[in-house]
Each structure stands twice: as C-alpha cells, then as structure tokens.
Amino acid sequence: QELGIDAWFYDEDKWPSGFAGGIVPLKSEEFHQRMLLRLEKSAPLPEKAEVLAEDAKYRYVCCKAPMGDAWFNGTCWVDLLNPKTVEAFIDCSYRPYAERYAKDFGRSAFGIFTDEPQVSPRPKVGHRGAVPYSPVLREAFRREHGYDFVTQAAGLFEDTGDFARVRLDYFQTVARQLERSFSRPIGDYCAKTRMVWTGHYNGENSFRSVQQNVANMMIQYRHMQRPGIDHLGLNLGNDVQFMMRSLSSVANQYGRSRRLSEMFGISGQNMNFEDRLWIAGGHAVLGVNHACPHLALYSMKGCRKRDYPPTLSPQQPWWPFNPCAEDAMARLFYLSSVGAYAPELLVLVPIESSYIDCPNGTPAPGKDLNARFGRFARTLEDLQGAHRDYDLGDEQIIADLDAVGRHD
C-alpha cells in the first residue's frame, strides 16, 4: 500500500497447487492421489494396491501415491477429483488470505494465483499404462453413463472391446469431475470473497498433454476471473497458438476481458528486451493481455540463478533500463484489452476425438498419437497466415451454452 503496488497471492508452497505444502495429505489418507495402473500379472503388487479387475494378461490396480516424496515435503500428491480434498485446500490456502485481507480486496489486494493443478498419474512402480483414478470419479462415471468403466478397463489402454465409447465416456467424466470438484468451487469461493482467481493448469500445449493433465482445459478456464496459461521458452510455435487461442476463446465467450500469461520462463539469462517484446506481441495478437513475468528473486545465490531463467529483477546489470521494455508491453496489452473482438469463424477443437485416438496408457508400437494435433495446428496456422480471425469452440461449452457466441 505504501509503494502503490497491487498485492497478489500464491496458493501453494511450490507446485502443483493442491497439497498446501503437505498440509492437505497429512489431514487424511482419503485425500491422497489414486491412479489406475495396468500391471502384468507377474508383477508384484504395490503396497496398499487394490485389484479392481483382471484379464488373461493384466491386473488393473488402484494404486495410492506413497508418502515420503521430497518434492511434496515428505508427503504425496493429492486427489483433486475429490471435492473434500479441495475443501481442505481452500480452508488452508484461500480462506486465510480472504479473511485477513477482506477489506483490501478490490483496492490494494486483488487476487490469488494457482499453479499447475492436474490429475495426471504419478506412478512410482513399473507399469504398462496409467490413468487418473478416484473412488469419487468411479461413482460419478456410474451415475453419468450407467456402467462401471473398471469392467472395461482394457479399452483405456489398447484398442479392444468397446474402447471408443469407454475412452470418450471416461475422459469426459474426468474433465467434468475436475470442474465440479476443483475449478468451480475455487472460482465460486474467489468470486464470493472478491478475490480474482488466476494462474494456469498443467499441460496446455497439445491434445495429448491436455488429456493427460486435466482431460479438457477449456471448461476449467471458465471458472477463473482472470484465466491464464504458462508460456515457456523463447518461441511462438503452433502449440503456443493453440494454448493462447484456447484461453482467449473461452475468455471471449464468457466475457473475461483480462487474460494472463506467465511469460519468459526457460528463455535463458541472455533473453533481451527485443525477445520479450516479440513474445508479448505474439500474446497480444492472440488475445492474451496480462503479463505475469517469470521470475523475480530476492537472491540469485547458488542454484537459484539457474531456476528456469531469466531472472527479471534488480540483480541484472540491465535493470535500470527495464522500464523501456515494461512500458512498451504495458501499452501493447492495454490496446489488446479494449475494443470488441469480432471473429469470423469458429474452429471446433477435436479433443474428444483425441480421447479415442490416444489411450492414456502405453501407446501401441508405431502409433502416432500426435497426428491429429499436427493437422489441427496447421489449420490454425493457415488461418492466422490468411489473417482470418477465429475463436476455438469446445464441444462441452457449446453444449452447455446452447450457442457458439458470447455468454453474458
């Protein structure tokens, strides 16, 4: 307040967001992440594993993430598909800020940043495939589809049985359950407490990575007051265009005027002002207009100077000239934040077809799991090259809104 700086908070000890530095998994074993593994019958069962189904060659096993992971401060990753897990996370990572700074939100305190929440499995044992799992997910699947996916688990890993239906039903349910348990409750809590929820999910840059991490990225964005992405590296490739357009399209459809990007990470200490303006310009053209620079450090001692550089902070010899770049980017993003976007076309995102093409387990030999995304990315590049503006359309959002235009 004294310096006129807007305060934003960070919802985790490091990342991915959800374990609260270890507090959440220590509250209950019910909150620990589960995953569905396919194990050869000759393989030993992991500790506390539960055999859910088996066939002639494999067991399909519910495996719990073991405690003792150093990254999670000696605990483990958590089950974000379980709404009780997320309730505990809100209580210890959101409520303290919302209550302590209640009078400041909307004035000098603005919001809170979430970092790389995900449901991707983290197996610690040898396996022939892994997909997200939760007892809550299994019950939600039964309610939505009228059968138990565990009885047809082989179809999640190879083209057998009614695999197309099983995969489509399964990943649709994973996406919707993550939305119900994590994205909507946190978005609603932030709206109620006048906090702006921002940040980014993990795995935004291809169908395969979206499927592995959140199943459907676009439906999660709609619950953030300021949805965001993570742009890594000194590049503006086709995958970057996909993730930026996914973000800006949902923001257009739900009336979110500001869209965040965590920019410049893993671009190297030799990144210059021209590089930063090039990256910022690429964002602005594609409708992303709030730069969250990665990163500023109190100290660059030891390994910190190598932590996903560049470091954008006073330790740099060029720091006195930094306003030249910052002011130019601020003007650029202001221009990108005003006016009305008028897309000519809607391009359907075939993520649900990708569910069928790409089992989330071990891919079959010689199967190109990225072919569909490559064709899609080239389509976007062609439209961009022809200067034809467009939004991306997610099938779930279109079904929910019963429209292809903006929702007010």
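A cavity here is a set of grid points where a 1.4 Å probe fits but cannot get out, and its lining residues have an atom within 4 Å of a point.

**Entry 1: cavities**

I'm working from a predicted model, and I started with the enclosed spaces. Which residues line the largest cavity? I listed Val210, Ala215, Asn216, Met217, Met218, Phe242, Ser246, Val349, Ile351 and Asp394. Sorted by class, that lining has seven nonpolar, two polar and one charged residues. I got a volume of about 60 Å³ for the largest cavity. The count of cavities of 30 Å³ or more came to six.

**Entry 2: the largest pocket**

Next I went to the open spaces. How much space lies in the largest pocket? I noted about 1,800 Å³. I found 48 residues lining this pocket. Nearest its centre are Cys292, Pro293, His294, Leu295 and Ala296. By class, I split the pocket lining into 26 nonpolar, nine polar and 13 charged residues.

Then I checked which elements give two or more residues to that lining, and wrote down strand 1, strand 5, strand 7, strand 8 (228-232), strand 9 (260-265), strand 10 (290-293) and helix 10. Which of them gives the most? That is helix 10, with six residues.

I also looked at the backbone around the pocket centre. His294 and Leu295, both listed among the residues nearest the centre, are joined by a cis peptide bond with omega about -5 degrees. I placed Leu295 in the loop between strand 10 and helix 10.

**Entry 3: the parallel sheet**

Strand 1, strand 5 and strand 7 turned up in the pocket lining, so to speak, and I followed them into their sheet. They make an open sheet of three strands in the order 1-5-7, with parallel pairing. Strand 1 (7-10) and strand 7 (196-200) are the edge strands, each pairing on one side only. From one strand to the next I get an average twist of 30 degrees.

How many bridges join strand 5 to strand 7? I counted five, with strand 5 covering residues 109-115 and running parallel to strand 7. To fix the register, I noted that Asp115 stands opposite His200 in strand 7. What packs on this sheet? Helix 5 (residues 163-192) does, touching strand 5 and strand 7. The direction of helix 5 makes about 145 degrees with that of strand 7.

**Entry 4: the antiparallel sheet**

I found another open sheet, this one of four strands in the order 3-4-2-6, with antiparallel pairing. Its edge strands are strand 3 (50-54) and strand 6 (130-133), and each pairs on one side only. Ignoring direction, I have neighbouring strands of this sheet turned by 30 degrees against each other on average. Strand 3 pairs with strand 4 (residues 58-64) in the antiparallel sense, over four bridges. For the register, I put Ala53 opposite Tyr60 in strand 4.

**Entry 5: helix 9 against helix 10**

Back to helix 10, the one that gives most to the pocket lining. I looked up how helix 10 (residues 322-337) packs with helix 9 (residues 273-285), and got an angle of about 10 degrees with the axes 10 Å apart. Why call them roughly parallel? Angles under 35 degrees count as roughly parallel, and therefore helix 9 and helix 10 fall in that class.

From helix 9 the contact takes Phe273, Arg276, Leu277, Ala280, Gly281, His283 and Ala284. From helix 10 I have Asn322, Ala325, Glu326, Ala328, Met329, Leu332, Phe333 and Ser336. I sorted the contact residues into nine nonpolar, four polar and two charged.

**Entry 6: the loop after strand 1**

Last, I went through the loop between strand 1 and helix 1 (23-27), where Pro16 lies. Is the peptide bond from Trp15 to Pro16 cis or trans? I read it as cis, with omega near -5 degrees. Ala20 lies in the loop between strand 1 and helix 1 too. I flagged Ala20 for a positive phi of about 55 degrees, although it is not a glycine.

How values were computed: Residues numbered from 1 in each chain as written. Predicted model: local features only at pLDDT ≥ 70, side-chain atom pairs only at ≥ 80, totals over all residues. Heavy atoms only, no water. Pairing = 2+ DSSP bridges. Axes fitted to C-alpha atoms, helices over the stretch in contact; angles between N-to-C directions. Contact = heavy atoms within 4.5 Å. Parallel < 35°, antiparallel > 145°, perpendicular 65-115°, else oblique. Nonpolar A, V, L, I, M, F, W, Y, C, P; charged D, E, K, R; others polar. 1 Å grid on protein atoms, 1.4 Å probe; cavity = no way out; pocket = protein on both sides within 12 Å on 5 of 7 lines; lining within 4 Å. Points joined across faces, edges and corners; volume = space filled by probe spheres on them.
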